[in-house]
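Student: Please take me on a close look at one part of this model, the nonpolar core, and then follow the contacts that lead outward from there. I would like one connected account.

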Amino acid sequence: MQPIFAVGDIHGQLDELHKALDHIARDPDAEAPVVFTGDFVDRGPQSREVIELLMQGQAEGKPWTCLMGNHDRYLLRYLEDPSYQDPLTSRPLYYTDPPIGGDQTLASYGVDTDPRRWPEDIHAEALKAVPQAHRDWIAGLPRLHETDAHIFVHAGLRPGVPLDEQVEDDLVWIREPFLSDERDYGRLVVHGHTALQTPQLYPNRMNLDGGAGYGRPLVPVLLLGRDAFALGPFGRAGL
């Protein structure tokens with residue numbers, strides 16, 4: 001069975017990302033591919049550094065696949081339009097509002113996000129501060145990654161819709177009816193987006209989001225077919 005590692009929502013937590021990569025590096029299958037399921041930015045203090053690390057790893061030829069999450073997309077849309085509000089959020093919010101966490105992402109690029117500043121001034125500074133290379137990298141992130149045994153996606157799939165007809169809004173945003181759907185998709189669906197206390201394996205899917213964006217550890221997972229193992233300082237632990 002071809003091993004593959006997966007890492008859920010990072011949310012600007014560079015120290016946690018380093019720990020996760022260290023755990024992977026100590027595993028016997030450390031040379032296997034790694035899939036990062038998106039949400040690299042927002043809420044944590046070092047979004048810029050997280051993106052730089054992932055870009056550097058890919059440039060060095062590491063077998064890393066990075067998927068787009070809703071927060072990554074939100075950064076791009078904010079840079080295009082400072083008044084953008086994603087209609088799929090639970091309530092009307094701007095990117096720089098603390099629940100979204102874009103203020104911390106912009107701060108990691110050196111932008112002064114003091115809420116007393118004019119939003120237009122913050123946006124103008126952000127356009128100068130976020131490198132075009134970072135914007136291009138995010139824009140080019142795939143929304144899906146497939147293997148013989150897995151379908152990797154940020155948020156999930158719309159039940160009953162063929163894979164090639166899934167829409168981006170669902171791939172990066174969906175919760176229900178995906179989370180409560182018990183159908184077998186033929187392969188294990190590996191996703192993040194919906195924060196739990198720790199990664200959780202279900203019969204038809206694997207939720208990787210252990211809540212790093214809320215200060216919990218970032219737990220990488222080794223997948224061997226439908227078997228999953230959390231990685232930590234003492235090696236593998238079955239899920």
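**Around one phenylalanine**

Tutor: Let's start with phenylalanine 36, which, with neighbours within four places in sequence set aside, is in contact (heavy atoms within 4.5 Å) with Val7, Ile10, Leu17, Leu21, Leu54, Trp64, Thr65, Cys66 and Leu67. Please keep in mind that this is a predicted model, in which local features need pLDDT of at least 70 and side-chain atom pairs count only at pLDDT 80 or more, while totals for chains, interfaces and linings use all residues. Residues are numbered from 1 along each chain as its sequence is written, and side-chain values use heavy atoms, leaving out hydrogens and water.

Phe36 belongs to the largest nonpolar core (buried Ala, Val, Leu, Ile, Met, Phe, Trp, Tyr and Cys residues joined through side-chain atoms within 4.5 Å), which has 42 residues; Phe36 touches the most other members together with Ile10, Leu17, Phe40 and Leu54. Two or more residues each come from strands E1 (3–7), E2 (34–36) and E3 (64–66), and from helices H1 (14–25), H2 (47–59), H3 (70–80), H5 (119–129) and H6 (132–139). These elements are DSSP runs numbered from the N terminus: helices are H or I with at least four residues, strands E with at least two. Another core of 12 residues lies apart from this one, and Leu67, Leu188, Val190 and Met206 are among its members.

Now for the rings. The whole structure holds six aromatic pairs, counted for rings of Phe, Tyr and Trp (its six-membered ring) with centres within 6.5 Å; planes under 30 degrees apart are stacked, over 60 edge-to-face and the rest tilted. One of them is the tilted pair of phenylalanine 40 and tryptophan 137, at 5.7 Å centre to centre with 50° between the planes. Because phenylalanine 40 sits in the loop between E2 and H2 and tryptophan 137 in helix H6, this pair ties together parts 97 residues apart in sequence. Both phenylalanine 40 and tryptophan 137 are buried, that is, under 20% relative accessible area, with exposed meaning over 50% and partly exposed in between (1.4 Å probe, protein chains only).

A second pair joins tyrosine 74 and tyrosine 84: their ring centres are 5.5 Å apart and their planes at 80°, so the pair is edge-to-face. Tyrosine 74 is in helix H3 and tyrosine 84 in the loop between H3 and helix H4 (102–108), 10 residues apart. Both of these tyrosines are buried, and ring pairs link them with Tyr78 and Tyr95 into a cluster.

The core helices carry charged pairs too. There are 16 salt bridges, each a side-chain nitrogen of Lys or Arg within 4 Å of a carboxyl oxygen of Asp or Glu. In H1, glutamate 16 and lysine 19 are three residues apart, about one turn of the helix, and their closest N and O atoms are 3.4 Å apart. Glutamate 16 counts as buried, at 16% relative accessibility, whereas lysine 19 is partly exposed at 44%. In helix H2, glutamate 52 forms a salt bridge with arginine 48, with 3.2 Å between the closest N and O atoms; the two are four residues apart, about one helical turn.

A further bridge spans the chain: arginine 236 meets aspartate 29 with closest N and O atoms 2.8 Å apart. Arginine 236 is in strand E11 (residues 235–238) and aspartate 29 in the loop between H1 and E2, so this pair ties together parts 207 residues apart in sequence.
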